[in-house]
Amino acid sequence: MTMKTVNLSVTCQAEMDCPKEIVMWNYYDHEHLVGTHYKLYDHARVLAQRDDWALVYRGKKMPFLPFWSGGMALQYMEGNVMKTFHQDQLGFLLEMEVEFEDLPDDRCRITATYNIITHPIFKVFEPVFKALFRKWFWATWEEDAPMRLRRWKVHKLGFKDFSGIDYINECLPEPRDKRVPAFEFRPPISCLKAIKSVDGERRRFAHSTEVGYNDD
Ligand SMILES: [Fe+2]
């Protein structure tokens, strides 16, 4: 006899003023979890990654829930969709799909669908599940937005990871040729060693003054 299940599901959609590859890069930048999202994550460790496959441990604080919990997630790309299987310490398997679409004028649309397939008894919690994940999506979206927009902005100036902007490094005038190469998403993206170590990366502070990026 097969056990009956229910699928708790919620979809969130948003648009951003940068190419979709910037947002993909952001989803594969595991180090920013304990920095940009220090209120939501206190620990991150990359256990394994190859090409667009990554197995990552995250210590996190879900909105509404009064405790921190850890979870292991595998993420990979299937065309323009990032698939994530996330097993948390409560035993739930969260299956997330994030679809990336190009929009005109270097913009993009992101559609994230969260699914938990579980015992029918949890059906009564579906409104809570939907509220929880909507809140989670928008909390992370708002924290990520300045970083993504800045990433796109400095890419257009010629920025390269761990190198900077050539003409500024060399104290040369700004080049006249303003053609911008496409932002390429080529995972795994470069990172420091700590997050791949046994200890992983822990957040450096639990409280901070939000300084933001006020240089538009
Ligand atoms: Fe993020």
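1. Two strands pair if DSSP finds at least two bridges between them. Strands (E, at least two residues) and helices (H or I, at least four) are DSSP runs, numbered from the N terminus. β2 (41–50) and β3 (53–61) pair in the antiparallel sense, over eight bridges. His43 has Gly59 in β3 as its bridge partner.

2. A note on the model. It is predicted: local features need pLDDT of at least 70, side-chain atom pairs count only at pLDDT 80 or more, and totals for chains, interfaces and linings use all residues. Residues are numbered from 1 along each chain as its sequence is written.

3. β2 and β3 form a hairpin with two residues between them. Asp51, in the turn, has a positive phi of about 50°. β2 also runs antiparallel to β10 (residues 201–202), joined by two bridges. There, Ala44 is partnered by Glu201.

4. Now the helix α1 (20–28). Eight of its nine residues are buried (20 or more other C-beta atoms within 10 Å of the residue's own, C-beta atoms being placed from the backbone). Among them are Trp25, Asn26 and Tyr27. Their cover includes β1, β3, β5 (81–88), β6, β7 and α2.

5. The largest nonpolar core (buried Ala, Val, Leu, Ile, Met, Phe, Trp, Tyr and Cys joined through C-beta atoms within 7 Å) has 29 residues. Val23, Met24 and Ile110 touch the most other members. α1 gives the most to this core, with six residues.

6. Which residues is Val23 in contact with, leaving aside neighbours within four places in sequence? They are Met16, Cys18, Phe100, Cys108, Ile110 and Arg148. Contact means C-beta atoms, placed from the backbone, within 7 Å.

Technical notes: Buried ≥ 20, exposed ≤ 12 C-beta atoms within 10 Å, placed from the backbone. Contact = placed C-beta atoms within 7 Å.
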